[in-house]
Amino acid sequence: MQDLRVTSLAVNYDLVSWRVGRNRVLIGEEDGLNLAPQMQKKPKKPRKDGTEYPDREEPRSRKLGRLRERMVLYDATIQSIESIKELRGAMRDAAFVEELDGKIAYFRALKCLNISRSHSMLSNHVNALALLKRAQDLSSTPLPTAQSQPDAASPPTLNVLQASSANLQKQVAALIARTHAIVEMRKLESNARTAAEKHQTSAAPLVQNLNSYPTPGVQVDLKNLVQYPPKIQPVPVKPLFLDVAWNYIDYPGRTAEIPAAKAAAPGQDTQMANGVEEKPAVEQPKKRGWFGFGR
């Protein structure tokens with residue numbers, strides 16, 4: 001009886017795996033990680049002047065339609081994987097359930113990524129940033145490391161490559177940085193537009209903001225160049241250190257060093273020769289001529 005349940009689970013798993021692989025083929029390359037632009041079809045009827053029709057990229061409505069079709073395929077894929085948990089004996093294997101949760105998180109991250117693209121096309125960058133953050137959280141869910149990774153050239157199935165998960169994380173991180181920058185720029189433009197409507201000016205003196213470019217829309221008050229009368233403000237300077245007692249302070253318990261040569265005692269400067277005290281000869285001043293020159 002148990003063998004029949006295991007066989008039934010394996011057969012249903014292969015059936016769902018084939019269904020998920022079909023959806024992945026319909027989604028496109030790399031499971032819809034990128035939205036490759038498509039050119040409009042040229043009419044078969046040639047022009048009257050004989051020139052060819054120019055290449056034109058598909059309009060925004062067509063791109064949104066393609067993304068909407070992907071959402072249907074992602075929902076079908078996630079629903080198919082969720083149906084595996086309802087099979088008998090599936091919930092008893094904790095490792096198997098963890099593997100299914102990792103694959104569900106992978107496809108949900110792709111779904112959030114593609115929805116964020118549609119919001120970016122409609123200039124809803126705040127919503128796109130929130131969806132990308134959700135996709136980043138889902139893509140960080142680790143996938144179980146299989147003993148044998150499927151070949152990249154083989155038809156897609158329910159198995160997800162580790163390289164595909166890594167590419168998804170890199171793509172989401174790059175889009176988050178780009179969308180975050182766009183949101184900040186739009187926020188500055190909105191604040192500048194509001195300030196321009198209210199005719200606001202910068203309250204700080206201009207001399208304090210010489211290193212920053214004026215905010216767009218905020219008028220620069222040329223009458224507020226400096227603050228007068230100036231207020232006393234702390235200024236960071238290097239402190240002066242005058243150690244005048246350096247030669248007079250010693251560590252406690254340390255004896256003073258004995259000088260190598262002591263001063264001679266008084267009365268010993270004179271020399272004795274044959275018992276007669278010799279006095280040093282006194283140098284006679286030289287006679288000088290006019291203007292200090294010697295003769």
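**Serine 116 and the nonpolar core**

User: Leaving aside neighbours within four places in sequence, which residues is serine 116 in contact with?

Analyst: This is a predicted model, where local features need pLDDT of at least 70, side-chain atom pairs count only at pLDDT 80 or more, and totals for chains, interfaces and linings use all residues. Residues are numbered from 1 along each chain as its sequence is written, and side-chain values use heavy atoms, without hydrogens or water. Contact means heavy atoms within 4.5 Å. On that basis serine 116 touches Ala128, Leu131 and Leu132.

User: Is serine 116 buried or exposed?

Analyst: Buried means under 20% relative accessible area, exposed over 50%, partly exposed in between (1.4 Å probe, protein chains only). Serine 116 has 2% relative accessibility, so it counts as buried.

User: Which helix holds serine 116?

Analyst: Helices are DSSP runs of H or I with at least four residues, strands are runs of E with at least two, and both are numbered from the N terminus. The chain has 5 helices and 2 strands. Serine 116 lies within residues 94–121, helix α3.

User: Which element gives the most to the largest nonpolar core?

Analyst: A nonpolar core is a set of buried Ala, Val, Leu, Ile, Met, Phe, Trp, Tyr and Cys residues joined through side-chain atoms within 4.5 Å. The largest one has 33 residues, and Ile81 is among those with the most contacts inside it. Elements giving two or more residues include α1 (2–27) and α2 (60–84). The top contributor, with 10 residues, is α3.
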